[in-house]
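Me: I am new to this structure and would like a close look at a single part of it. Please begin with one pair of side chains, and then work outward to whatever surrounds that pair.

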Amino acid sequence: MISFSIIGGASFRAQYYLRIAQALPEQFRVCGMVVRDEDKGNLLEKKWNVTTYRNVAQLLENENPDFVVVSVSGSAIPVYLLQLGELGIPVLAETPPAQSVEELVTLHEDLTCRGAKVQVAEQYHLHPVQQARLSIIQSGSLGNVSQATVSISHFYHGVSLMRKMLGIGFEDVSIMGMRFEAPIVAGPDRSGSPREEKIIIAERDLVWLDFDQKLGIYDFTKDQHRSWSRSNHLSVRGDRGEIFDNRLTVLADYSTPVYLDLKWINRGEEENQEGYYLDGIMAGERCLYRNPFTPARLYDDEIAIASCLKKMKEYIAGGPSFYSLPEASQDQYLGLMMEKAIRSREMVRTVRQPRAEV
C-alpha cells in the first residue's frame, strides 16, 4: 500500500490523485490533504472521504505519509519544496518545479546538492503510447535515432518527451523559433466542453532545437491537447526506420521494409466481459506495453500519474530516480529558452547549468 498526502487538494491536478486512489484502493491511500480554505476542505472531505488540514504542520502532526505530493500553483511550488526538504520529507512535485532560471538554480543548490528526496510528476513519457514508442526505440529497431518531432503538449512537457525520444541528457542546444496566429473555433478547456461557438485566436509555436547531430522539432498550438479540431503528433526517425504516430516502418534488411501498426488491446469490447480497461499495446506479435493497473478503469493520463506514484514509492525505498529535479529543471530551462527564441526570432544558445554535473 502506498500512502501519500497532498498539498493543494483543491487544485485541478490534485483531482487526478484522488481519482486514482479511489479507483485503486488496494494500492493507494490519500492520508490527509492541505487545503487552506476551510470551506473547500469541507467539500473535499465529503466528496472524497479524506481528512483535510489548513497547513503543513497540522498535516504532519497527524499523518505519516510515505511522501507528499505538492500540487499547487507554479509560484508556490518552490516554497513547499524548500520547506519539506528542510524537514526531510520526500516530495513528488507537480510541474514545473520553478518559474525562472534563477529559482531553478536555487532549488538545485538547496535541495539536490543536499540530498533531498525529490522527484517530479512529469507524466507524459509514462503514457501507455509513449512507453510503447520508447520500447521500440530502446529495442534498436530504428537504429541510431537522430530526429524527433513532438506536437503533443506545451514547452517543458514537449521538451521532456523530445529528450526521452532522442536520448538527450543535459547537452547544450541551439534554438530557433517562431509564432503564427490563426483563428479557430474554441474547444474544451479545464472547465469542460464549450457551451457556444466562439472564435479565438490560437497561437502556434514552431521551434527547432539542434542538439549537434540530433534534431528536435516542437510544434504546438495553444490548447491543442484538448482540442476537438486539432490532432496530436509525434514522430521519431532513426537510420533504420521511423515511428510516425501509431505506424512503425523499419528495415528487416536493406531491401526489405516492414510496416506495422500499434494496436491497443482493450478489454470489455464486443463480447468480452472482463471489464473495460486498457490491457496493453502491441505491434505485430510483440507486446510493447502492458498496463500495470488492470482492471481499474483509468484513462491514459491517470495511468501515467499512477505510474509516478508507484515509481516514487520505489525511489524512496532505494530504487532509481524516474524524473529527477535536475531533469525537470532542465526541461523547464529549455522551455524558457524556447519562449525567448520565439519572442526574439533570433537563435538562442543554451548555457550549461550547474545541475548538469549531478
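Reply: In this predicted model, the side chains of Arg13 and Glu94 meet in a salt bridge, with a distance of 3.3 Å from N to O. Arg13 sits in the loop between β1 (2–7) and α1 (14–23), while Glu94 sits in the loop between β5 (91–93) and α5 (101–110), so the pair ties together parts that lie 81 residues apart in sequence. What is the exposure of these two residues, buried or exposed? Arg13 and Glu94 are both buried. Arg13 has a further partner in an aromatic side chain, for it lies over the face of Tyr16, at 4.8 Å from the ring centre.

It helps to set this pair beside other salt bridges of the model, which come to 15 in the count. One of them joins Arg114 to Asp110, whose closest N and O atoms are 3.8 Å apart; here Arg114 counts as exposed, at 65% relative accessibility, and Asp110 is partly exposed, with a relative accessible area of 27%. Another joins Arg226 to Asp223, with the closest N and O atoms 3.5 Å apart, and in this case Arg226 is partly exposed at 25% relative accessibility, as is Asp223 with a relative accessible area of 28%. Salt bridges can also be linked to one another, as they are in the network formed by Arg163, Lys164, Glu327 and Asp331.

The strand β1, which leads into the loop that holds Arg13, brings us to the aromatic side chains. A pair of aromatic rings is described by the distance of the centres and the angle of the planes. The model has seven aromatic pairs, and in one of them the rings of Phe4 and Phe67 have their centres 5.9 Å apart and their planes at 10 degrees, so this pair is stacked. Phe4 belongs to strand β1 and Phe67 to strand β4, and the pair therefore links distant parts of the chain, 63 residues apart. Phe4 is buried, and Phe67 is buried too. A second pair, Phe28 with Phe293, has its ring centres 6.2 Å apart and its planes at 45 degrees, so it counts as tilted. Phe28 lies in strand β2 (residues 28–34) and Phe293 in the loop between β16 (286–290) and α8 (300–316), so this pair ties together parts that are 265 residues apart in sequence. The relative accessible area of Phe28 is 2%, which makes it buried, and Phe293, at 0% relative accessibility, counts as buried as well. Ring pairs also link Phe4, Tyr17 and Phe67 into a cluster.

Which residues touch the most other members of the largest nonpolar core? They are Phe4 and Phe28, in a core of 101 residues, and the element that gives the most to this core is helix α9 (residues 325–344), with nine residues. If neighbours within four places in sequence are left aside, the contacts of Phe4 are Tyr17, Phe28, Arg29, Val30, Cys31, Pro65, Phe67, Val69 and Leu309.

Helix α4 (residues 77–87) can be followed back to the elements already named, since its buried residues pack against β1, α3 (56–62), β4 (67–70), β5, α5 and β6 (118–120). Those buried residues are Ile77, Pro78, Tyr80, Leu81 and Leu84. They cover an arc of only 160 degrees around the axis, which puts them on the same side of α4. On the face turned away from that buried side, α4 carries the exposed residues Val79 and Glu86. Just after this helix, Gly88 takes a positive phi of about 75 degrees.

Two further points take us away from the starting pair. Lys117 lies over the face of Tyr315, at 4.6 Å from the ring centre, an arrangement to set beside that of Arg13 over Tyr16. In the segment after β17 (348–349) lies Pro354, which is partly exposed, with a relative accessible area of 42%. The C-alpha atom of Pro354 is separated by 26 Å from that of Val72, and the two residues are 282 residues apart along the chain.

Conventions: Residues numbered from 1 in each chain as written. Predicted model: local features only at pLDDT ≥ 70, side-chain atom pairs only at ≥ 80, totals over all residues. Heavy atoms only, no water. Core = buried A, V, L, I, M, F, W, Y, C linked by side-chain atoms within 4.5 Å. Buried < 20%, exposed > 50% of the residue type's maximum accessible area, 1.4 Å probe, protein only. Helix = DSSP H or I, 4+ residues; strand = E, 2+ residues; numbered from the N terminus. Contact = heavy atoms within 4.5 Å. Salt bridge = Lys/Arg side-chain N within 4 Å of Asp/Glu carboxyl O. Arc of directions from axis to C-beta. Phe/Tyr/Trp six-rings, centres within 6.5 Å; stacked < 30°, edge-to-face > 60°. Lys NZ or Arg CZ within 6 Å of the ring centre and 35° of its normal.
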